[in-house]
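Welcome, and thank you for joining this tour. Please open your viewer and keep the selection tool at hand.

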Amino acid sequence: MVNEDSVAVVGGSIAGCATAQAVARAGAGRVTVFERAGGELRDRGVGIGLHDARFAELEAAGYVDSSMPWSGLSRRVWTIRDGAAELGRAFADQHFPFRSYNWGSLWHELRSRVPESVTYHTGAAVTAVEQDADGVALRLADGRRERFAAVIGADGYRSVVREAMFPGLAPDYAGYLGWRGTSAPMPGDPETDRAEARVIVFPGGHCMMYLIPAAGGGYRMNWVLYAVPPDDPELLLDLRTPTSLPPGRVAAKLTAYLRDLVAEHFPPYWGRCVLRTAPEDSFIQPIYDLQVPRLAVGRLLLAGDAATVVRPHTGGGSVKALQDATALEAACRANGSWPEIAGAYDAERTAVGAAMVALGRRLGRAQVEQTPDWQKMGQPEFDLWWQEQNQGPDRSSGFGGHALKRG
Ligand SMILES: Cc1cc2nc3c(=O)[nH]c(=O)nc-3n(C[C@H](O)[C@H](O)[C@H](O)COP(=O)(O)OP(=O)(O)OC[C@H]3O[C@@H](n4cnc5c(N)ncnc54)[C@H](O)[C@@H]3O)c2cc1C
């Protein structure tokens, strides 16, 4: 590590907290995090699933902790509407060794692990990144300009650090949306197994559902529905420029469309879990993906979604962000200059990011863009269909994240 060097991390979410911890642990002199949002990020998200084996590796590396509230999942049950049957008809079952988390508690844990020596600024948006031979200058929205020996871009899918490295390179819209939310259980709900995740299927998409620990105790039903938006002139959104959908007429019209879709295609109980979600507990996210040619250019390095945006069907975006941090720590410990650190980090992580992007595209194609005739599917047909999309040309999977290399 280049001891005593000052390092800035742009973005203070999952990748930002983890990479700040990584460079501080590896011996950076001064570490500063710039997070655009004011206050705590804990209420921003909903559920996150972390693969058991990936969690164990990250715990051994000191990045996560078993004491964080979680709920264990072991099976994923694929289910289709069957007339008035409350729970529908389960047509396939798969091994699903994941831990479910509330996004807020995961972030809180990572934030609490950022050493006190790190300065974490909130309400601090970085507007420009200028690299020269000796360092990097960051411009902030309040007019300040600060210099660092190196800068880590952990600023998500619309990264300004990535824009400085690869001008014009932006995420690709996948052609469909994710509608996400959480709802509280109600008295009289049927008994369901907490260890079972559900996938409710319908023509042109599916909805992933599982319980997550609630902030104040108990559980909430976390759901994410993926579907192509309707062919309506008012909804012909230009999503080529990465965006999120703010509340308003378009979001309201889309939500009405999605609610109708749920009412028509979901088994009654699972439909109620979605439809009783309060509007403020749900939001619509267009789905994107992005692969960068390199994760490091000179003294600029990327981590998490700033580096590669992976479609959420992989269940591995957060794992990838945390693994980026462990690889960065190892690269910093083993090398003495920023070009060497950048080279080692890039060699370790670029291929993994590309493999995850490719997996996300295969899963998205099979599960949303070109859904099969679900009615004709039983366990044997499902197993074949899953095998085709899950295994890449090299027969590796990566579902839930690739195994971390042992250092
Ligand atoms: C529908 C959906 C479901 C998902 N489910 C899962 C799952 O089950 N399991 C899983 O592992 N992953 C899942 N993911 C992926 C996971 O959420 C992301 O990969 C992960 O949150 C990326 O974290 P990050 O820190 O890189 O980016 P982000 O969480 O996007 O954080 C970027 C941060 O940078 C800040 N920022 C941005 N620009 C600036 C700026 N100019 N200056 C200062 N700060 C800035 C932002 O405010 C933000 O806090 C899912 C994603 C989606 C969309």
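A residue counts as buried when its relative accessible area is under 20%, as exposed when that area is over 50%, and as partly exposed in between. Keep in mind, too, that you are looking at a predicted model.

**Stop 1: a residue in helix α7**

Select V319, which you will find in helix α7. Is V319 buried or exposed? Its relative accessible area is 1%, so V319 is buried. Now add P69 to your selection: V319 and P69 are 250 residues apart in sequence, and their C-alpha atoms are 17 Å apart in space.

**Stop 2: the ligand**

Next, select the ligand and show what is around it. The ligand is surrounded by 31 residues, and the closest are S13, A15, E35, D305 and S318. Sorted by kind, the shell holds 15 nonpolar, 10 polar and six charged residues.

Zoom in on some of the contacts. In the side chain of S13, an N or O atom is 2.7 Å from an oxygen atom of the ligand. At A15, a polar backbone atom is 2.8 Å from a ligand oxygen. At G317, a backbone N or O atom lies 3.3 Å from an oxygen of the ligand. How much of the ligand does the protein bury? Taken alone, the ligand exposes 1,000 Å², and the protein buries 89% of that.

Colour the elements that give two or more residues to this shell: α1 (14-25), β3 (47-51) and α7 (317-334). Which element gives the largest share? That is α7, with three residues.

**Stop 3: an arginine in a loop**

Go now to the loop between β17 (300-302) and α7, and select R311 there. With a relative accessible area of 7%, R311 is buried. Show Y176 as well: the side chains of R311 and Y176 make a polar contact at 3.2 Å.

**Stop 4: two tryptophans**

Aromatic rings come next. Across the whole structure, a search finds 18 aromatic pairs. For one of them, select W179 and W223. Why is this pair called edge-to-face? The ring centres are 4.8 Å apart and the planes stand at 75 degrees, so W179 and W223 form an edge-to-face pair; the cut-off for that label is an angle over 60 degrees.

Trace the chain from each ring and you will see that the pair links distant parts of it. W179 belongs to strand β11 (residues 172-183) and W223 to strand β14 (residues 219-227), 44 residues apart. W179 counts as buried at 3% relative accessibility, and W223 is buried at 0%.

**Stop 5: an aromatic cluster**

Select W78, F91, F96, F98, W374, F382, W385, W386 and F399 together: these residues form one aromatic cluster.

**Stop 6: charges over rings**

Pick R99 and F55. R99 lies over the face of F55, at 3.7 Å from the ring centre. Then move to R111 and Y120, where the charged end of R111 sits over the ring of Y120, 3.9 Å from its centre.

**Stop 7: a residue in helix α8**

Finish at A358, in helix α8 (residues 338-369). A358 is partly exposed, with a relative accessible area of 32%. Add S397 to the view: A358 and S397 are 39 residues apart along the chain, and 10 Å separates their C-alpha atoms.

Terms used. Residues numbered from 1 in each chain as written. Predicted model: local features only at pLDDT ≥ 70, side-chain atom pairs only at ≥ 80, totals over all residues. Heavy atoms only, no water. Phe/Tyr/Trp six-rings, centres within 6.5 Å; stacked < 30°, edge-to-face > 60°. Helix = DSSP H or I, 4+ residues; strand = E, 2+ residues; numbered from the N terminus. Buried < 20%, exposed > 50% of the residue type's maximum accessible area, 1.4 Å probe, protein only. Lys NZ or Arg CZ within 6 Å of the ring centre and 35° of its normal. Near = heavy atom within 4 Å. Polar contact = N/O pair within 3.5 Å; in protein donor to acceptor, adjacent residues only side chain to side chain. Areas by Shrake-Rupley, 256 points an atom, 1.4 Å probe, with all protein chains shown as cover. Nonpolar A, V, L, I, M, F, W, Y, C, P; charged D, E, K, R; others polar.
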